[in-house]
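Open the model in your viewer with the cartoon on and side chains hidden. The tour below goes stop by stop, giving a selection each time and then what is found there.

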Amino acid sequence: LQALRTIYGSKPIATGNDAYVVTNASTAMTILDEGGVDTLDFSQITLSVLADLREGKFSSAGVEADGTSKYKNIMVSNGSLIEHVTGTLYDDVVFGNYQNNVITFLGGNDIVDGQAGMDTLRLWKNAAEFRISKDTASNAWNVEALNNISGSIELQNMERIYFADKAWALDMGANENAGRTAKILGALFGKEGLSYPSFRGIGLYFLDSGVSYEALMGAAVDTRLWPGASKADVAKVLMGNVPGLVIDPNAYANTTAMAVAAADSELNKAMINLVGLATTGFDYIIL
């Protein structure tokens with residue numbers, strides 16, 4: 001089919017928001033979908049699944065007549081874009097793709113690799129029911145139910161978790177969106193400014209939307225002080241928020257460059273405990 005389409009051309013197929021529901025009895029399928037925001041739904045399967053959203057890859061889901069799991073019976077064709085996946089109540093393995101994937105967890109002990117993109121794990125439970133931690137040796141995040149019943153998830157290459165009551169950010173590297181949000185808040189509002197989930201949500205909203213670190217810093221400077229504030233005034237705020245920081249205002253081309261340097265300083269990273277945040281993440285309010 002793909003060869004014929006390459007030779008003769010074709011109109012786009014399945015460009016709406018489609019849901020592909022797989023059941024135990026579903027026959028083998030090849031998914032050809034070239035638009036919209038689409039979901040591969042395994043929630044009705046009564047055994048573990050291997051779900052793979054990458055182009056040209058196979059998923060294994062369903063139950064054979066003898067009760068065993070079906071193997072490589074679902075393919076996402078080349079050129080097809082599937083953004084979302086819903087797992088099962090059992091122990092699933094899920095691979096995302098380069099899209100911004102949303103992976104819905106229903107239960108079991110899952111392993112999830114979001115791959116590229118801004119990827120989100122969705123759980124229909126409150127955050128207080130889970131423990132979130134990072135294994136620095138494997139670089140994997142672990143989300144474990146405290147009741148030892150609701151399951152656990154090992155995460156790689158995932159940036160966000162949406163609980164029923166709040167959201168959580170995992171991308172706490174110094175050059176990642178949540179880490180940069182923490183640095184901006186620390187430098188301009190002090191350690192106490194970082195404690196507000198609403199402030200964290202504002203920073204993540206803009207960075208996740210594609211606003212650059214420098215542009216957000218400039219806007220934050222204007223918000224913290226006022227548009228057109230002098231270098232001396234900005235330096236005073238920065239040095240007041242970051243203990244031990246010494247700034248020569250004349251060494252910077254503008255107030256944004258000065259604020260970026262302060263935010264990126266080792267003193268600011270230590271003050272906000274960026275190393276600690278890198279193993280816990282932080283909750284935030286979605287705008």
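**Stop 1: strand S14 and its partners**

Select Ile111 and Glu154: Glu154, in S14, is the bridge partner of Ile111. Keep in mind throughout that the model is predicted. Extend the selection to S10 and S14, which run parallel and are joined by five bridges.

Now add strand S13, residues 140–145. S13 runs antiparallel to S14, with four bridges between the two. One of the pairs to pick out is Glu144 with Ser152, its bridge partner in S14. S13 and S14 make a hairpin with six residues between them. In the turn, select Asn148 and check its backbone: phi is positive, about 60 degrees.

Show the side chains of S14, residues 152–156. Which of them are buried? Ile153 and Leu155 are, and they point to one face. Ser152, Glu154 and Gln156 point to the other face and are not buried.

**Stop 2: the cavity**

Keep Ile153 selected, as it is among the residues that line the largest cavity. Add the rest of the lining: Gly87, Val94, Ile103, Thr104, Phe105, Asp110, Val112 and Leu121. The volume enclosed is about 30 Å³, and the count of cavities of 30 Å³ or more comes to one.

Color the lining by element of secondary structure. Strand S9 (102–105) and strand S10 (109–113) each supply at least two of its residues, and S9 has the largest share, with three. Colored by class instead, the lining shows six nonpolar, two polar and one charged residues.

**Stop 3: a three-strand sheet**

Select S2, S6 and S5, an open sheet with the strands in that order and mixed pairing. Strand S2 (29–31) and strand S5 (58–59) are at the edges; each has a single partner strand, so one side of each lacks a neighbour in the sheet. S5 pairs with strand S6 (residues 74–76) in the antiparallel sense, over two bridges. To see the register, pick Ser59, which stands opposite Ile74 in S6.

**Stop 4: the nonpolar cores**

Select Ala182, Met217, Leu238 and Phe282, the residues with the most contacts inside the largest nonpolar core, which has 37 residues. Elements that each supply at least two residues of this core include strand S16 (167–169), helix H2 (177–193), helix H3 (197–208) and helix H4 (213–224). H2 gives the most, six residues.

Center on Ala182. Leaving out residues up to four places away in sequence, Ala182 touches Met172, Leu194, Ile272, Leu274, Leu277 and Phe282. Another core, of 33 residues, lies apart from the largest one; Leu40, Val85, Ala127 and Trp168 are among its members.

**Stop 5: a loop residue**

Go to Ser230, in the loop between H4 and H5. Is Ser230 buried or exposed? Its relative accessibility is 32%, so Ser230 counts as partly exposed. Draw a C-alpha to C-alpha distance from Ser230 to Ile272: the two are 25 Å apart in space and 42 residues apart in sequence.

**Last stop: the whole chain**

Clear the selection and zoom out. The chain contains eight helices and 17 strands, and its C-alpha trace spans about 75 × 55 × 30 Å along the principal axes. Of the 287 residues, 45% are buried. Among contacts between residues at least 6 apart in sequence, 50% join residues at least 24 apart.

Technical notes. Residues numbered from 1 in each chain as written. Predicted model: local features only at pLDDT ≥ 70, side-chain atom pairs only at ≥ 80, totals over all residues. Heavy atoms only, no water. Core = buried A, V, L, I, M, F, W, Y, C linked by side-chain atoms within 4.5 Å. Buried < 20%, exposed > 50% of the residue type's maximum accessible area, 1.4 Å probe, protein only. Contact = heavy atoms within 4.5 Å. 1 Å grid on protein atoms, 1.4 Å probe; cavity = no way out; pocket = protein on both sides within 12 Å on 5 of 7 lines; lining within 4 Å. Points joined across faces, edges and corners; volume = space filled by probe spheres on them. Nonpolar A, V, L, I, M, F, W, Y, C, P; charged D, E, K, R; others polar. Pairing = 2+ DSSP bridges.
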